[in-house]
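Student: Could you take one part of this chain and look at it closely with me? After that, I'd be glad if you carried on through the other local features in one connected account.

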Amino acid sequence: MNRIFISCLTLALLNFSVAGAQTKKSSNPFDSVKHVKGVLKAYDAEEKQEKQAKKLKGQKSSKNSKGPGEEEKGDYLRAWLYCLERRAFPNDSVNWSAYETARTHIQEMPSAAKTLSRGNSSVSLANPGAALSGQFEFTGPKNLDVPYQTYYGVRPTTGRVGAVAYDPSNTETLYLGGANGGVWKSTNNGSTWIPLTDDWDVMQVSALAVDPQSPNTIYAGTGDFHGGGGFANGIMKSMDGGQSWARYGQNEFGASAVSQILIDPDNTQVITVTTGNGPSGTGKVWRSTDGGASWLVAINVNSDWSDATIGGPVGARVYYAVGNGNQVWTSRNQGLTWTRLNAGVSGVLGVAASPTNGNTVYLLATGNNAVLKSADGGLNWSNTTNNLNANWGQAWYDYHIRCGSAGGQDIVYVGLIDIFKSGNGGTTWASVGGPTDSGNAITHNDQHCLAINPNNANQAFLGNDGGAYLLNGTSIVGLSNTLGLTMFYNADWHPTDPNRMIGGTQDNATPVAVGDLGNWLNVAGGDGGFVAIHQRNPLIQYATIYGFTIIQTKDGWKNQREISPNTGNDNSPFVTCIASDPLDADVLYGGTNYVWKYAGGKWIPRLGNQKITSNSVVTAIASGFTDYKVIYAGSGDGQLWMSWNSGETWTKISGGLPQRAITSISVSPTNAFDVLVTLSGTGSSHVYQCSYTPTGGRVWKNVSGASIQSLPDVPFNSIGRDPKHPERTWYAGSDLGLFATIDGGKNWSNATVPLGLPNTNVSTVKATPGTGFLNVATYGRGMWRIPLGIEVRSTADAIVASNGAITSGVAADLPDYDGESVNLLSSLVKRTGQLAGISGKILVGKPAVDIYSVTIDYVAGGNAVGYQSFLLKNVKTGKFEPLSTVAMGGDPYVGSITLKDAKAAKYVTANGTVEYMVRGYVPAGTIPFQYNVDQVVVTSRVAP
């Protein structure tokens with residue numbers, strides 16, 4: 001949300017750096033930590049000079065007009081640096097090729113849908129029961145409010161949209177691409193949306209095109225061209241309206257993002273694509289004559305090719321393609337051959353040709369802060385910027401230009417921070433965004449894409465940092481009510497209410513659910529950061545904004561106040577790390593390059609006067625559940641420190657860990673000296689455990705798994721422990737999804753697509769025992785949850801003997817793999833013994849017609865038991881009915897019963913419970929026998 005004009009000096013720096021980087025092998029300048037820091041340093045110098053000049057003239061700084069937490073310049077670049085720096089460390093840039101290797105590895109990993117529910121009988125007791133139940137469900141944000149109207153527009157808002165397209169045969173059918181959220185489709189003019197690509201291995205989308213002759217054929221270009229980084233994977237093509245997809249162009253385009261896809265309107269097998277801005281640096285212009293099946297280079301010039309357009313009527317089509325560094329080219333034979341034009345421009349470029357006259361073309365030259373127009377096919381240009389009173393400050397990030405025609409006039413749209421429209425071919429311009437930097441804003445700032453309605457040039461479909469919108473004349477309607485694209489840096493969840501949660505986001509402040517998941521609030525401002533809900537007093541919550549700005553509520557966001565300290569010359573974080581003390585509701589920890597403590601309404605600065613890092617910031621903080629004096633802090637440059645005396649003194653404990661950014665710290669709920677940490681970067685393992693952190697017994701154990709059941713080599717962002725088995729069942733979130741282990745990190749499984757979670761960046765993971773959910777926040781697809789496995793363990797009182805089968809015997813709790821199994825022991829059976837032994841109730845949720853199913857697993861066994869039955873109580877007759885009977889062997893038996901539709905109605909009560917019984921049969925004369933049921937677990941549930 002950059003709000004002021006960028007100077008020629010800074011643009012020169014940008015252009016010089018880009019040009020210089022092109023001589024380096026496999027180098028994108030905005031993948032360089034050093035380069036991004038250099039640009040931001042120039043921003044800061046300009047801002048300081050501007051303020052000094054205004055002060056000399058007696059003028060007020062423009063910052064006085066800003067909302068809370070709004071940066072003067074380069075806020076997206078600071079957000080990108082936050083993401084880049086931790087993933088690159090200890091190098092200057094990210095090894096994006098590791099992501100490609102990791103994707104292949106993930107495809108070969110076992111599915112958590114199987115490994116978490118039940119294994120074979122030989123491993124069931126070692127790897128107990130169901131850790132998760134059913135499938136992930138999307139929790140929001142939905143109908144997300146804005147924190148204030150200036151810069152944000154009006155409700156609803158969501159995350160960044162990078163591409164939009166109409167179905168030309170039915171303009172109520174819309175497609176969009178999320179910056180990290182895949183492709184979505186609406187068939188009702190944007191009222192509701194369906195995600196089409198949650199199983200893709202690349203969820204970044206920067207280009208979309210729909211075949212005008214065969215509208216079920218859709219092309220999606222992968223990569224985040226406007227965002228400036230990440231990885232790409234060619235073009236995805238669907239021929240059935242998005243139901244299935246095939247990949248093309250991966251070998252030709254490499255890791256370059258696809259910025260534009262042109263389908264020739266006269267021969268839709270001819271496709272032209274512009275690429276660039278990827279890990280390998282620049283790209284080229286490509287052409288296909290067989291609908292994308294094969295590709296040849298159309299313009300063999302290395303550049304960040306940013307845009308392309310087709311103008312003119314049938315028989316007089318003219319192509320244009322543009323790229324960074326005055327690359328302006330034209331073709332008059334469907335892109336077969338091209339001629340370079342001299343427009344004398346710089347910076348990032350956009351281009352739009354008139355649909356009625358291919359010789360009329362408009363050029364958005366962000367380096368010149370100008371909109372140029374040519375009426376002779378690009379031979380001569382005139383400046384039509386005129387009264388376009390735009391903020392060009394982030395025009396390398398937020399920009400587009402598109403042209404339609406109505407009433408014999410070209411209708412031209414320009415998107416920068418605000419969005420503008422000219423109804424007379426560029427002669428005059430007017431803001432249609434509010435303007436977005438005013439209290440009258442009607443759309444979010446930072447424009448990325450726009451598609452003109454093919455039937456009405458005064459209507460358009462646009463995307464920006466706040467989601468998707470429809471423009472009709474001068475009115476704008478938001479389409480993001482159910483659009484799940486929010487990009488969360490961090491999140492937290494209420495300890496007992498599953499419908500209360502909070503998270504900090506990229507450019508969409510801090511969304512909060514306060515009991516109604518269909519309507520979310522928004523607090524604070526700017527880019528959000530870390531958040532916290534105190535688990536003992538959940539009315540106390542915290543949100544953050546960049547620069548260590550802390551917002552507190554003590555009444556669940558009915559009221560809020562800023563409690564930020566003056567951090568002086570500390571390293572100022574863009575995403576501020578905080579953590580609430582699990583024992584003391586009055587204590588909050590926060591990080592600069594020191595740890596700060598908020599207690600009793602006051603800040604205690606720089607605990608122990610110990611720098612956690614000199615060159616980075618604190619990226620993770622945690623304190624002990626069993627000892628409030630134990631504190632851990634990790635940094636973006638791989639340092640991990642602990643204090644066992646409330647921060648008075650600190651010990652560095654990162655020796656033995658790979659030198660990678662620390663992204664999360666999980667302290668055991670039963671042992672303050674047992675911790676897990678996750679690491680970012682590539683080229684190392686990513687999850688480590690230390691069972692005893694004090695000096696003398698500290699050893700870091702790699703718990704990232706082995707072979708095909710190891711974690712992929714990509715940055716990991718968060719780890720959560722299962723509340724039932726925190727010592728061995730963990731869930732780890734990475735840039736490429738979620739993974740789970742039930743054996744303390746020896747083996748990991750894929751818990752993303754197999755469990756219904758979109759294949760995107762998982763930023764925060766937390767299991768909440770009080771709600772029964774594993775919750776995750778993603779950077780691109782909002783928040784999700786899945787029920788934790790519902791383990792129902794019988795007590796000794798539930799065991800009874802029946803039919804006189806047992807002449808003597810006792811019910812007892814005997815230690816087993818977890819010390820919780822219930823067993824029935826007997827010394828003698830004179831005749832066949834029927835053990836109506838293990839019974840209980842399971843809460844599975846209320847059933848609904850046609851959408852309800854539940855699977856119940858159990859592990860049972862014992863010596864000298866001939867066979868056993870699993871029975872459920874019929875809710876109408878009140879009698880137990882056997883659903884399965886099996887012969888027993890020497891090993892424990894893993895049984896499974898699935899209830900669906902009619903069976904659900906037969907055995908599930910109106911309150912959503914089932915009563916079960918596991919009954920063993922023992923032959924006469926058996927001396928002695930032992931029978932146990934180790935667990936009865938709900939492993940899957942599809943609830944209404």
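Tutor: Happily; let's begin at S707, which is found in the loop between strand 49 (701-702) and strand 50 (716-721). Helices and strands here are DSSP runs, numbered from the N terminus: H or I over at least four residues for a helix, E over at least two for a strand. Before going further, please keep in mind that this is a predicted model, in which local features need pLDDT of at least 70 and side-chain atom pairs count only at pLDDT 80 or more, while totals for chains, interfaces and linings use all residues. Residues are numbered from 1 along each chain as its sequence is written, and side-chain values use heavy atoms, with hydrogens and water left out.

Back to our loop. S707 has a phi near 55 degrees, a positive value in a residue other than glycine. S707 is also exposed, with a relative accessible area of 63%; for these labels, buried means under 20%, exposed over 50% and partly exposed in between, using a 1.4 Å probe and protein chains only.

N369 also has a positive phi without being a glycine, in its case near 50 degrees. N369 sits in the loop between strand 19 (361-365) and strand 20 (370-374), and with a relative accessible area of 25% this residue is partly exposed.

Loops also hold two cis peptide bonds that you may want to inspect. F89 and P90 are joined by one, with omega about 10 degrees, and P90 belongs to the loop between helix 3 (75-88) and helix 4 (97-108). Another joins G434 and P435, with omega about -5 degrees; P435 lies in the loop between strand 25 (430-431) and strand 26 (447-452).

Stay for a moment with the loop between helix 3 and helix 4, as it brings us to the aromatic rings. A pair of aromatic rings is described by the distance of the centres and the angle of the planes. Rings of Phe, Tyr and Trp (its six-membered ring) pair if their centres lie within 6.5 Å, and planes under 30 degrees apart count as stacked, over 60 as edge-to-face and the rest as tilted. By this rule the count comes to 25 aromatic pairs. One of them is W96 with F231, a tilted pair at 6.0 Å centre to centre and 45 degrees between the planes. W96 is in the loop between helix 3 and helix 4, and F231 is in the loop between strand 7 (218-222) and strand 8 (235-238), so their pairing ties together parts 135 residues apart in sequence. W96 and F231 are both buried.

A tilted pair is also formed by W730 and W748, at 6.5 Å centre to centre with 45 degrees between the planes. W730 is in strand 51 (residues 730-734) and W748 in the loop between strand 52 (737-741) and strand 53 (749-750), so to speak a link between distant parts of the chain, 18 residues apart. Both of these tryptophans, W730 and W748, are buried. Elsewhere, F30, Y76, W396 and Y397 form one aromatic cluster.

Some rings have a charge over them, which requires NZ of Lys or CZ of Arg within 6 Å of the ring centre and within 35 degrees of the ring normal. R606 lies over the face of Y594, 5.8 Å from the ring centre, and R785 has its charged end over the ring of F773, at 4.4 Å from the centre.

Another arginine, R340, is found in strand 17 (residues 339-341) and is partly exposed, with a relative accessible area of 41%. Leaving aside neighbours within four places in sequence, R340 is in contact (heavy atoms within 4.5 Å) with G325, N326, Q327, V328 and W329. For Q327, 13 residues away along the chain, the C-alpha separation from R340 is 7.3 Å. With N326, a polar atom of the R340 side chain lies 2.9 Å from the backbone oxygen.

Let's finish with a sheet. Four strands form an open sheet in the order 42-43-44-45, with antiparallel pairing; two strands pair if DSSP finds at least two bridges between them. Strand 42 (618-623) and strand 45 (651-652) are at the edges with a single partner strand each, so one side of each has no neighbour in the sheet. Strand 42 pairs with strand 43 (residues 631-635) over five bridges, and V618 stands opposite S635 in strand 43.

Definitions and conventions
A polar contact is a pair of N or O atoms within 3.5 Å; within protein, one must be able to donate a hydrogen and the other to accept it, and residues adjacent in sequence count only if both atoms are side-chain atoms.
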